[in-house]
Amino acid sequence: MKSTLRFLLLLALTLFAMRAPAAPNAARKKIVLVAGPRSHGPGEHEFNAGVLLLKKCLEGIAGVEVVDFHDGWPKDEHAFDGAATIILYSDGGGGHPMLKADALAQVDALMKKGVGLGCMHYAVEPTKEKGEKELIDWIGGAFEVNWSVNPTWTAEFTAKSLPEHPVTRGVKPFAMKDEWYFHMRFREGMSGVTPILSAVAPESTMSRKDGGHEGNPAVRESVAKGEMQHMMWVTERGDGGRGFGFTGGHYHKNWGDENFRRVVLNAILWSAKIEVPANGVESKVTAEDLEQNLDPKGPKKTSSDTPVKSDAKPVFTSGVVHAEPVTIKADLKGAKELYLVVTDAGDGFVADWADWMEPTLVKADGSKIKLTELKPKASKVGHGKLGIDKNSEGHEMKIKGASVPFGFGAHAPSMIAFDLPEGVVAFEGKGGVDDAGVKQDKGATVIFQIHTSNPGPAFLAGSQQKSNPS
C-alpha cells in the first residue's frame, strides 16, 4: 500500500514538472541590434555585417538574448518589446533611421522606461533641427554639424587615458586608424558623461578647409591646444537608463582588433545593465569571419573612363566624374519626360554627393527655363534628401570651392523626374561632385546620365531614400 502511494506521488510530481511552464524569456536581457541600409564602398559602413559579427560575439553570454534587424528601422511593431537596450549602427544626418516616421517618438517612450541606447559611427549624428537634443539627453552627446568633425586618422588610446569603468574591463591600450569623429556636442559641462576612449588629435586632422564636417574655428583651437578629444563615452540617465556613443566603425576590418571590439561589446552589455565580466567580453573573430555577410557593393573601378553598363539608352552619359565637373548637353527634341540620373560609378556609396549645376531647358525659340523652377514629379536619392539649390545635406552647393548659382543636390544613386513643357528641345548644364563629398572621401565618383523615359530600377539598385519635394 505504501509503495503504491509513493509511486502515485512520484508520478504526480513528474507530471506536474512536465506541464510546468519553462522559465520566461523575460528573465533574459534582450539586446536589439539595428543595422542601417547599405552605404559607402566595399569594407566601409558594413552595418549589416558589423551587426551580425557583434551578435555572434554576444550569443555565448549567459542570460542574454540578441535579436537583429537590418536595412533600416524595424518595421515590426514588436521589435523592441522587452528590450533592455537598443544598439544602432547606421548612417546619420538626414538619412538617420531614427528620424524616420515616428521612430523618434518610439525611442522616446522606450527611454522613459529606462531602456538603454547605443549609437555607433554615423548614427551619433542626427540633425541639429531634429534628434540632436534627444540624443544628447539619451546618450550624453552627438555630432553637431559645423562643430564636430569627421577626419580619418590614427587615434592612440593610452593606459593613462583609459578610465576605470566596467566598459574598459579587459581593454588594453591600442591604436586604430578609423574615421574617428570628435569635438562632439556634449551635455553642458559633461554632466553625467564619462569619456571612455580619448586621444589627442594630430594637426593633420585639420588639413581640410572649414565645412560642415571638415573644420571650424572652435575645433581648430581645441586641436591647437592639444586638448583630449572623446571618441567614445557613456552616460547614466535620470530615468535609470544607460547610453553610449562610439564614433569609430567606418572600416569593417577594425572589428578584427580585440580591444576595438571588446570595448564596444562591453558597452553593449553595460547599456543593458548586464554585469560586464572582470576581463571584459571574450570573443574571437577570424579573417574569414570578417568576410561574412558583406553588402554586395561591387568592386572598385580601376578605369576612370569606363561608364556603368546598362540596357537603358540614355541620351547623355558622362564618364566617371570625380574632381573635375563635366559639361552636359542633351537633345530633347520630341521628348515628353526628363530623367536626371546619377549612378555611383560601380564603386559603392563613397560620399557620392552629386550636384546638377545650372540645369537649364532650351526651347525651340531660344528661350531658356531654369529647371529648378519646375517641380519634379518624382525623385529618389541614395542618402539625405533631394536638395533644390542646396546639396543633399541641405547646405550650400560648392564645386572646387566655387558656389553653384542654382541646381540640384542628389546623392547617388539618384533620379529626378520631370514632365517637360511644350517646345523644349535641349538640356544644358554641368555635373560635379560637391566639395562636401570630395572632402569626405577622395574616392567619391559618380556618372551623370540623362534619359527621356524611365530607366527603371536597375539604375537605382540600393537607393535608400525617397523624396517628393513640396
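At 75% relative accessibility, alanine 101 counts as exposed, and this residue makes a convenient entry point into the model, which is a predicted one. Alanine 101 sits in the loop that runs between strand 3 and helix 3 (103-111). Its backbone is worth a look as well: phi is positive, at about 45°, although the residue is not a glycine. A second residue with this feature is glutamate 358, where phi is positive at about 50°, again without the residue being a glycine. Glutamate 358, however, is placed in strand 15 (residues 354-363), and its relative accessibility of 38% means that it counts as partly exposed.

With these two residues located, the chain as a whole can be introduced. Its secondary structure comes to eight helices and 25 strands. Of the 470 residues, 55% count as buried. Among contacts between residues at least 6 apart in sequence, 79% join residues at least 24 apart.

One part of the chain forms an open sheet of seven strands, with mixed pairing and the order 2-1-3-4-11-10-9. Strand 2 (64-69) and strand 9 (193-200) stand at its edges; each has a single partner strand, so one side of each is left without a neighbour in the sheet. Direction ignored, neighbouring strands in this sheet are turned against each other by 15° on average. Within the sheet, strand 10 (residues 228-236) and strand 11 (residues 242-246) run antiparallel and are joined by five bridges. Here threonine 235 is found opposite glycine 243 of strand 11.

Helix 2 is a good element to follow next. The helix lies across strand 1 (29-35), strand 2, strand 3 (83-89) and strand 4 (116-120), and runs at about 160° to strand 1. For its twelve residues, a rise of 1.5 Å a residue gives an expected span of 16 Å, and the end C-alpha atoms are indeed 16 Å apart, so the two values agree. Helix 2 is mostly covered, with ten of the twelve residues buried. The buried residues are Phe47, Asn48, Ala49, Gly50, Val51, Leu53, Leu54, Lys55, Cys57 and Leu58. What covers them includes strand 1, strand 2, strand 3 and strand 4, together with helix 6 and helix 7 (287-290).

The meeting of helix 2 with helix 6 can be described in further detail. The axes of helix 2 (residues 47-58) and helix 6 (residues 258-271) come within 11 Å and cross at roughly 70°. That angle makes helix 2 roughly perpendicular to helix 6. On the side of helix 2, the contact is made by Leu54, Cys57 and Leu58, while helix 6 contributes Arg261, Val264, Leu265, Ile268 and Leu269. Sorted by character, the residues of this contact are seven nonpolar, no polar and one charged. A general point helps in reading such a list: an α-helix has 3.6 residues a turn, so residues three or four places apart point the same way.

Elsewhere, strand 6 (residues 153-157) pairs with strand 7 in the antiparallel sense over five bridges, and glutamate 156 stands opposite alanine 175 of strand 7. Strand 7 (residues 174-178) shows two faces: Phe174, Met176 and Asp178 make up the covered one, and Ala175 and Lys177 the uncovered one. In the loop between strand 5 (141-142) and strand 6 lies threonine 152. Its relative accessibility is 37%, so threonine 152 counts as partly exposed. Leaving aside neighbours within four places in sequence, threonine 152 is in contact with Lys177, Asp178, Glu179 and Tyr251. Threonine 152 and glycine 248 are 96 residues apart in sequence, and their C-alpha atoms are 9.8 Å apart in space.

Further along the chain, strand 17 (residues 378-381) has side chains that alternate: Ser379 and Val381 point to one face and are buried, whereas Ala378 and Lys380 point to the other and are not. Strand 17 pairs with strand 22 in the antiparallel sense over three bridges. The bridge partner of serine 379 in strand 22 is isoleucine 416. Just before this strand comes a last backbone feature, for proline 413 is found in the loop between strand 21 (407-409) and strand 22 (414-419). The peptide bond that joins alanine 412 and proline 413 is cis, with omega at about -5°.

Definitions and conventions
Residues are numbered from 1 along each chain as its sequence is written. This is a predicted model: local features need pLDDT of at least 70, side-chain atom pairs count only at pLDDT 80 or more; totals for chains, interfaces and linings use all residues. Side-chain values use heavy atoms; hydrogens and water are left out. Axes are lines fitted to C-alpha atoms, for helices over the stretch in contact, and angles run from 0 to 180 degrees between N-to-C directions. Helices (H or I, at least four residues) and strands (E, at least two) are DSSP runs, numbered from the N terminus. Angles under 35 degrees count as roughly parallel, over 145 as roughly antiparallel, 65 to 115 as roughly perpendicular and the rest as oblique. Contact means heavy atoms within 4.5 Å. Ala, Val, Leu, Ile, Met, Phe, Trp, Tyr, Cys and Pro count as nonpolar, Asp, Glu, Lys and Arg as charged, and the others, Gly among them, as polar. Two strands pair if DSSP finds at least two bridges between them. The expected span of a helix is 1.5 Å times one less than its number of residues. Buried means under 20% relative accessible area, exposed over 50%, partly exposed in between (1.4 Å probe, protein chains only).
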